[in-house]
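Biologist: I am new to this structure and would like a close look at a single part of it. Please pick one and walk me through it slowly.

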Amino acid sequence: MSFREDLSHVSDWAVSYLERVPQLPVAADVQPGQVRKALPDAPPESPEAVADILRDLDEIVVPGLTHWNHPRFFAWFANTGSEPGILGELLIATLNVNVMTWLSSPAGTEIETAVMDWLAQLLGLPRSWHGHIEDTASTATVAALAAARHVRPGGAVYASNQANFSVEKAARLVGLEFRAVDTDDEFRMRADFPLDGATAVVATVGTTGSTAVDPVPELARRCADAGVWLHVDAAYAGAAAICPELRWCFDGVDQADSVVVNPHKWLFTPMDCSTLWTRRPEALHGAFAIERDYLAGTTDAIDLKDYGPALGRRFRALKLWLVLRMYGAEGLRALIREHVRLAQLFASLVEDDPDWEVSSPHPFSTVCFRHNHADNDEIARRATATGEIFVATAKLGDETVIRLAIGNAKTSEDDIRRAWEVLRACVPAQ
Ligand code: PLP
């Protein structure tokens, strides 16, 4: 078999998967160890044909997957492995360049710089900021906190008790103490906490639990006065800022020191792709740049390895480039707006039923809600066991809520209405 034939098999498989995924059960129905047991104990001694591997993909792997690329996947932050992104991943592997220094990949470095500038324009961020791509927001936050520590060693990182756990993990990794700050009745970080011994504050735009937006303008003012680094975690909701009517969520972000947005969450880019900007690139450079003769670069161009933890860097910018070009800003805005509309529609269905309530504000594409009398964990479990939808739960204060997160480009109004029917049918008898 030639590579051309193999490629054609694989691309046929990809097209057919995307066509049939809406009919597959969203969540895997397998027991731990089941998939491993179906695989040979030892690796193959002789080469195998791609057709055999695709057969195993169909028979063993697909039934053992929870399908994130399913239009009724509503758990955590649902996302999309879009067609432009899939094409991008193919090209990335084909080129297989390592974007560590400008010399190691001149066009890789400059496409990355260009897409970061394009995306900054779409999001309304200052174009003068440095931007680059990390694998995940977890890594981007490590980079931001390492820069903060470079400026002010020791000390503590403050973030709300609703901040993603990656913030605490990042603080731990860079050797800073993590201190959780209380939230108000809408799960936003309180801005009036004492900044004792602070090295950094992390504000969240779109918290993981309820998508609350912390008071960034106030936090930015306080951090600037105190000389404390303000990092904004907009991993999920930052994408909304490409729509002028949702740009309010970025109020004050231009006064922060760094911000992370994950195109692999709500910007239709396959895992992984996390975009990090900073107004203070010299602090990132101070935290990460180490010169070695075997990596001697050129002095008049940027070496992206000097701005984050990794030396070897994938050409992630290429898939983002395809996404930005093949959807266009118009296409991306239309999808974000449709998701917000669907979330409002779902919330209105919940609100119309006196047995249920919406638990928190829902300005983006995620709705937290609960049944007033039944066990919400049990409802979510039953709903997911139907195979028709996949929803997760979260704790907001003392209450368990069900989260419906819309992030798949193919999710339709029918999917949302069906999700509501399934959820209602899954309420245990009282
Ligand atoms: N920040 C927020 C608000 C998140 O919701 C998440 C993940 O859901 C993260 C950060 C971590 O993102 P990543 O998986 O890219 O590290």
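Modeller: Gladly, and one definition helps from the start: a residue is buried under 20% relative accessible area, exposed over 50% and partly exposed in between, using a 1.4 Å probe and protein chains only. This is a predicted model, where local features need pLDDT of at least 70, side-chain atom pairs count only at pLDDT 80 or more, and totals for chains, interfaces and linings use all residues. Residues are numbered from 1 along each chain as its sequence is written, and side-chain values use heavy atoms, with hydrogens and water left out.

Let us look at the pair of helices α1 and α3. Helix α1 covers residues 3-20, and helix α3 covers residues 50-61 (helices are DSSP runs of H or I with at least four residues, strands are E runs with at least two, and both are numbered from the N terminus). The axes of α1 and α3 come within 10 Å and cross at roughly 15° (axes are lines fitted to C-alpha atoms, for helices over the stretch in contact, with angles from 0 to 180 degrees between N-to-C directions). That makes α1 roughly parallel to α3, the word for angles under 35 degrees. The crossing of α1 past α3 is right-handed, meaning that the near helix is turned clockwise from the far one by less than a right angle.

Now for the side chains that join the two helices. Asp-58 and Arg-20 form a salt bridge, and their closest N and O atoms are 2.9 Å apart (the term asks for a side-chain nitrogen of Lys or Arg within 4 Å of a carboxyl oxygen of Asp or Glu). Asp-58 belongs to helix α3 and Arg-20 to helix α1, so this pair ties together parts that are 38 residues apart in sequence. Asp-58 is partly exposed at 33% relative accessibility, and Arg-20 is also partly exposed, at 26%.

Helix α3 has a salt bridge within itself too: the side chains of Asp-52 and Arg-55 meet at 3.4 Å, N to O. Asp-52 and Arg-55 are 3 residues apart in α3, so about one helical turn separates them. Asp-52 is partly exposed, with a relative accessible area of 30%, and Arg-55 is partly exposed as well, with 40%. For context, the structure holds 31 salt bridges.

Let us finish at the other end of α1, with Phe-3. Phe-3 sits in α1 and is exposed, with a relative accessible area of 62%. Together with Leu-7 and Leu-90, Phe-3 makes a nonpolar surface patch of about 290 Å². Patches are made of residues with over 30% relative accessible area and no salt bridge, joining nonpolar side chains (Val, Leu, Ile, Met, Phe, Trp, Tyr) within 5 Å and like charges within 9 Å; the areas come from the Shrake-Rupley method with a 1.4 Å probe.

If you would like another helix pair to view beside this one, try α11 (residues 317-351) and α13 (residues 413-425), which pack at an angle of about 30° with their axes 10 Å apart. That makes α11 roughly parallel to α13, and α11 passes α13 in a right-handed crossing.

Notes: Parallel < 35°, antiparallel > 145°, perpendicular 65-115°, else oblique.
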